[in-house]
Amino acid sequence: MQKLILVLIVVFGSFPLTTAQTISSPSDFLGYEIGTQFSRNHQVIDYFKTVEKQVPNQVKLETYGKTNERRGLYLAYISSEENIKNLETIRENNLKNIGLLDGESSADDIAIVWLSYNVHGNEASSSEAAMLTLFKLLTEKQEWLKNTVVIIDPSMNPDGRDRYINWYNETASQPYDIDRQASEHNEPWPGGRPNHYLFDLNRDWVWASQVETQQRLEVYNKWMPHVHVDFHEQGINEPYYFAPAAEPFHEVITDWQRDFQTEIGKNHAKYFDAEGWLFFTRERFDLFYPSYGDTYPTFMGAMGMTYEQGGHGMAGLGIFNDEGHVLTLVERLTHHTTSGLSTVEMASKNAKQLNTEFAKFFDNSNLKYKSYVLKGNEDKLNSLKTLLNKHHITFENATASKVSGMNYATGKQGSLNIDSRALVVHANQPKGKMVKALFEPNAKLSDSLTYDITAWSLPYAYGLEAMASTTKIPSEELLSKKELQTLTDTYGYVSKWNSMDDAQFLAALLKHNFKVRFTEKPFTSNNNKFERGSLIITKGDNKHIKNFLETLNTIAQEQAQHLTQINSGFSQTTPDIGSPDIKLVNNQKVAVLSGEGTSSLSYGEVWHFFEQQLHYPLTSINTDDFGSINLDKYHVLILPNGNYRKVFTEDNMTKLKDWVRAGGKVIAIDGALRSFAGKDNFSLNYKKQEDDVKKKDNLTAYADREREYSNNLITGAIFNAKVDNTHPMAFGYDDNYFTLKLGSTAYSLLDSGYNVAYLNNTKVYSGFAGQNALKSLDQTLVFGEEHMGNGSFIYMVDNTLFRSFWENGKLFLVNSIFMVNNNAYEL
C-alpha cells in the first residue's frame with residue numbers, strides 16, 4: 001500500500017489539483033472543434049460558467065451589467081486558489097499602492113492583467129480565443145497564476161457579436177466558401193461591428209455614452225489593472241499586429257510603459273517566430289487619442305495594448321486572401337490565444353516591477369498645469385461633472401475670485417474673474433495624467449500621421465470658459481445644489497434656453513401635449529430679461545391639460561428645471577406674449593434615413609441622441625424604401641453622414657424638393673451635404689483647394705506621398721466659428737462657437753440663405769490641420785439654412801453628434817428641429 005501511495009505521489013505530485021481531466025475543453029463543451037463554427041454569445045458565457053463550476057477555487061465569474069438588448073456583461077477572475085481567496089485584499093492593495101484608497105498596501109507582488117475580447121462584434125475570433133485562453137491558463141500555465149490575477153471580459157459587445165454570428169450562421173455555405181465574393185463574406189448594413197445603437201465601443205472609453213462602457217468603467221476603476229489588452233481584427237490581407245505601438249505617443253506615457261511594451265512584443269515574437277507566423281509592430285496603431293481600449297488604460301497607468309489579427313467580418317470561417325492563403329478562424333483564434341498567454345507570462349515574470357512602476361505613474365508633481373478652472377452655464381458644468389464622476393475624477397468649487405493662466409478662448413495667457421460656482425479640477429490627484437489628457441488646451445503631437453482625431457479638449461467640447469493654471473487654485477468641496485421652487489398659479493412660466501437640459505424639458509412638455517411657445521426676440525417681464533429661444537408656457541394655451549399646474553410642476557421637478565413666473569402677457573419691453581415674434585413650438589414628427597448609403601455610425605448617433613438624450617420620438621426610414629414612403633407624414637427629415645448617390649435619383653430628388661417646398665425641413669449632416677452641393681436650385685457649393693497645391697502634391701516622391709498628403713488633412717481639429725445668434729438655429733449660443741472639424745471638405749458661404757455659423761479665420765486652437773487644408777478654410781460654412789418654398793434645407797457641415805461627446809454642439813440640432821422655420825401645421 002505504501003508503494004502504491006509513493007507511485008501516485010511520483011506520478012501526480014507535480015500536477016496541480018486542478019488538471020485538464022477536471023476541466024472541460026472548449027471543444028468538448030461546445031460539441032465541435034473550436035474554430036470550426038462561430039459560437040454565439042450565450043455559448044461563450046455558458047462555457048465560462050461551466051468552468052467556474054468545475055474549478056470554483058480558481059475562477060470567479062461575475063456579471064457587471066446588461067446591454068441594451070438585455071444580454072449579460074461578464075468578467076471572469078482567474079488565479080491561484082490562494083489569490084482567489086484574497087481577491088478583495090489584492091484589489092484594495094493595488095488601489096492603496098496608487099493613492100486611490102487610504103492606507104498602506106500590504107503587498108506589491110501580484111500582477112493584475114485584464115484581457116478584453118470582442119469590443120467589435122464582427123471581429124469574432126477573439127471571444128473564441130477567450131475560451132481557449134481560459135482553458136490553457138488553468139491546465140497549462142498554473143505557475144503564472146501564483147502571482148497574477150487575470151481578468152477576462154469574454155465579450156464586451158454581445159449585441160454586435162450576436163448580430164454578426166446570427167447573420168453568418170444563417171448565410172454561410174456548408175462547408176464554408178472561401179471565395180470572397182460569396183455572400184458569407186459580405187455583411188449587410190449595419191454589420192456586426194457596433195453595439196445596439198451602432199456606436200463603436202472601442203472609441204467610447206472616455207466619453208462613456210454607451211451602457212456597456214458606463215458599466216465596465218465602474219469595475220475597471222475599482223481594479224485599475226497593470227496590463228490591459230484589447231483584442232481586434234483587421235483586413236484579411238494583414239498579418240498579426242502587436243505592441244510596441246506606433247508614434248505618436250501622448251506625452252503622459254512614461255519611458256517604462258514604452259520600454260515594457262517593447263519587451264512584451266519581443267516575447268510575442270519568440271512564439272510567433274517559432275511557428276513561422278507573420279506579424280508587424282510600431283506601425284499604424286498609435287497611442288494618442290485617449291478614448292481607445294489601449295489608450296484609456298495607458299493614461300490610467302496600465303500597459304495598454306491593442307492586438308490585431310487579420311480577418312474581420314469579411315473572413316468568416318475561412319477566406320482566400322490576396323497572398324494565396326486560406327485564412328481560417330482556427331488560425332485567427334490561435335494567434336490571439338498565443339499573444340494573450342504571452343502577455344500573462346510577461347506580467348507574471350515582472351509582477352513586482354509592474355507594481356513599482358505603476359505606482360510611479362501616479363506621481364503628478366511634474367505636470368505643467370496644476371489646476372483647470374471652468375465657468376459658465378450651470379447645466380453644462382453639471383454635464384461635465386457627470387462625465388468626471390464616471391472616471392472617478394475629483395473636482396471642487398473655486399474659493400478664489402480671479403485666476404491667471406492659459407485662456408482657452410484666446411489661446412493665450414490671460415486672466416479670468418470667477419466666483420464660487422466655478423469648477424476646479426486639480427492635476428495633483430491620482431488620475432492627474434488623465435486630467436491633463438482630457439483638459440489640456442492642445443495635446444502635444446509628435447507625428448501628424450495619426451489613427452484618429454487629434455483634439456478633444458473638454459472645455460471646448462462643453463462650451464465653457466476655462467483657464468489652465470500653472471499654480472494650484474484654491475478650492476473647496478462642492479456647494480450643495482439648490483432645491484427648485486414650487487410653482488404657483490399665474491399667467492405663465494418662462495424657461496431659459498441654452499443647454500440640453502432645456503431641450504429635454506421641452507421634449508417632456510411636448511410628450512405631455514403641452515403647448516409651448518418660444519421667443520425670437522429678447523423681452524422683459526416682471527423685471528426679468530429673457531433671451532432668444534426662451535420657452536413660454538401659458539395657462540391660457542394649456543386649458544386642455546388636466547391639472548395643468550400640478551402636471552407642469554411635476555415635469556419641472558423631474559427635469560430639475562427652474563421656471564420664472566410672469567404675471568401678464570403685457571411685457572415691460574416688447575415683444576408681448578401674443579406677438580408674432582413669439583411662436584408656438586410645433587410637436588414635430590421627425591424621421592431619419594437609415595440603411596445602405598447612410599453611415600451606420602452617424603445614423604446610430606442620431607438614433608441614440610433621440611432615444612437616450614433628448615427622449616423624443618423618431619421614425620427610422622430605410623433608404624431602400626425612400627421612393628415609396630409618404631413624406632407628408634413628417635415635418636423633419638434628418639440625413640446622417642453618408643453617400644446618397646443611389647438614394648437620391650432624379651425622381652427621388654424631385655420628391656424631396658417638392659416636400660420641402662410644401663413646408664418640410666431637411667437636416668443634412670456632414671457627408672450628406674454632398675447630395676446638394678453644386679446641384680441645381682441649391683446655393684451650397686464646395687470651396688476647393690487651389691490647383692497649384694494639387695500639382696505640388698503630385699510631384700512628391702512616392703515614399704513621402706503619405707506624409708506629404710497630411711498637409712491636405714484635418715484630423716479632428718478645433719476652430720472658433722463666428723455665430724449669428726439672432727438666427728433660430730443658434731438660439732442659446734454666444735456669438736462664437738468652438739467647433740470640432742473632422743475633415744478638410746469645405747463649403748463656401750451661402751449666396752442665398754443664412755450663414756448661421758462660419759469660419760472667418762483659420763487659427764487652430766487644438767489638434768492638427770494641414771497647411772493646404774487651412775488655405776481653403778477661411779470664410780467657409782459651418783452651419784447654414786437655405787429656404788426652398790415654405791421649407792428649408794439645413795446644412796450641418798460639422799457633425800455635432802460625433803461620438804456623442806461634443807456636448808456644446810447638440811443644441812444646434814435641437815434648434816434646427818423645433819425653432820428653425822417653425823411651421824406649426826398639422827399633419
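Helices here are DSSP runs of H or I with at least four residues, and strands are runs of E with at least two, both numbered from the N terminus. The model is predicted.

**Exercise 1. Cis peptide bonds**

Task: Find which peptide bond ends at P175, and where P175 is found.

Solution.
- Step 1. Read omega. The bond from Q174 to P175 has omega near -5°, and it is cis.
- Step 2. Place the proline. P175 belongs to the loop between helix 8 (158-171) and helix 9 (211-223).
- Step 3. Look at another cis bond. E247 and P248 are joined by one, with omega about 5°. P248 lies in strand 7 (residues 246-249).

**Exercise 2. Positive phi**

Task: For M224 and then N547, state phi. Then decide for each: buried or partly exposed?

Solution.
- Step 1. Take M224. Its phi is near 50°, a positive value in a residue other than glycine. M224 sits in the loop between helix 9 and strand 5 (227-234).
- Step 2. Apply the cut-off. Buried means under 20% relative accessible area. M224 has 0%, so M224 is buried.
- Step 3. Take N547. Phi is near 55°, again positive in a residue other than glycine. The residue lies in the loop between strand 24 and helix 19 (548-558).
- Step 4. Apply the cut-off again. N547 has 46% relative accessibility, so N547 counts as partly exposed.

**Exercise 3. A seven-stranded sheet**

Task: Give the strand order of the sheet of seven strands. Then identify which strands stand at the edges, and which helices pack on the sheet.

Solution.
- Step 1. Write the order. It is 16-15-18-13-17-14-19, in an open sheet with antiparallel pairing.
- Step 2. Find the edges. Strand 16 (412-417) and strand 19 (475-476) each have a single partner strand, so one side of each lacks a neighbour in the sheet.
- Step 3. Check one pairing. Strand 15 (residues 402-407) and strand 18 (residues 465-469) run antiparallel and are joined by two bridges. N407 has M467 of strand 18 as its bridge partner.
- Step 4. Add helix 15 (residues 378-390). This helix packs on the sheet and touches strand 13 (371-375) and strand 17 (423-426). Its direction makes about 25° with that of strand 17.
- Step 5. Add helix 16 (residues 432-439). Helix 16 also packs on the sheet, touching strand 13 and strand 17. The direction of helix 16 makes about 50° with that of strand 13.

**Exercise 4. A five-stranded sheet**

Task: Work out the strand order, the edge strands and the helix that packs on this sheet.

Solution.
- Step 1. The order is 25-20-24-21-26 in an open sheet, and the pairing is antiparallel.
- Step 2. Strand 25 (564-566) and strand 26 (582-584) are the edge strands, each pairing on one side only.
- Step 3. Ignoring direction, neighbouring strands of this sheet are turned by 30° against each other on average.
- Step 4. Two bridges connect strand 21 (residues 517-519) with strand 24 (residues 535-538), and these strands run antiparallel. R517 has I536 as its bridge partner in strand 24.
- Step 5. Helix 18 (residues 500-511) packs on the sheet and touches strand 20 (492-495) and strand 24. Its direction makes about 30° with that of strand 24.

**Exercise 5. The surroundings of K521**

Task: Locate K521, list its contacts beyond four places in sequence, and find its polar contact with D581.

Solution.
- Step 1. K521 lies in the loop between strand 21 and strand 22 (523-525).
- Step 2. K521 has a relative accessible area of 40%, so K521 is partly exposed.
- Step 3. Leave aside neighbours within four places in sequence. K521 is then in contact with R532, P575 and D581.
- Step 4. The side chains of K521 and D581 share a polar contact of 3.3 Å.

**Exercise 6. Aromatic rings**

Task: Classify the pair W256 and F260, then find which residues have a charged end or side chain over F626 and W205.

Solution.
- Step 1. Start with the count: 58 aromatic pairs. One of them is W256 and F260, with 4.7 Å centre to centre and 15° between the planes.
- Step 2. Planes under 30 degrees apart count as stacked. The W256 and F260 pair is stacked.
- Step 3. Both residues lie in helix 10 (residues 255-275), four residues apart, about one turn of the helix.
- Step 4. W256 is buried at 16% relative accessibility. F260 is buried at 3%.
- Step 5. Ring pairs also link F626, Y644, F648, F676, F682 and F793 into a cluster. The charged end of K655 sits over the F626 ring, 5.3 Å from its centre.
- Step 6. R216 lies over the face of W205, 4.4 Å from the ring centre.

How values were computed
Residues are numbered from 1 along each chain as its sequence is written. This is a predicted model: local features need pLDDT of at least 70, side-chain atom pairs count only at pLDDT 80 or more; totals for chains, interfaces and linings use all residues. Side-chain values use heavy atoms; hydrogens and water are left out. Two strands pair if DSSP finds at least two bridges between them. Contact means heavy atoms within 4.5 Å. Axes are lines fitted to C-alpha atoms, for helices over the stretch in contact, and angles run from 0 to 180 degrees between N-to-C directions. Rings of Phe, Tyr and Trp (its six-membered ring) pair if their centres lie within 6.5 Å; planes under 30 degrees apart count as stacked, over 60 as edge-to-face and the rest as tilted. Buried means under 20% relative accessible area, exposed over 50%, partly exposed in between (1.4 Å probe, protein chains only). A charge sits over a ring if NZ of Lys or CZ of Arg is within 6 Å of the ring centre and within 35 degrees of the ring normal. A polar contact is a pair of N or O atoms within 3.5 Å; within protein, one must be able to donate a hydrogen and the other to accept it, and residues adjacent in sequence count only if both atoms are side-chain atoms.
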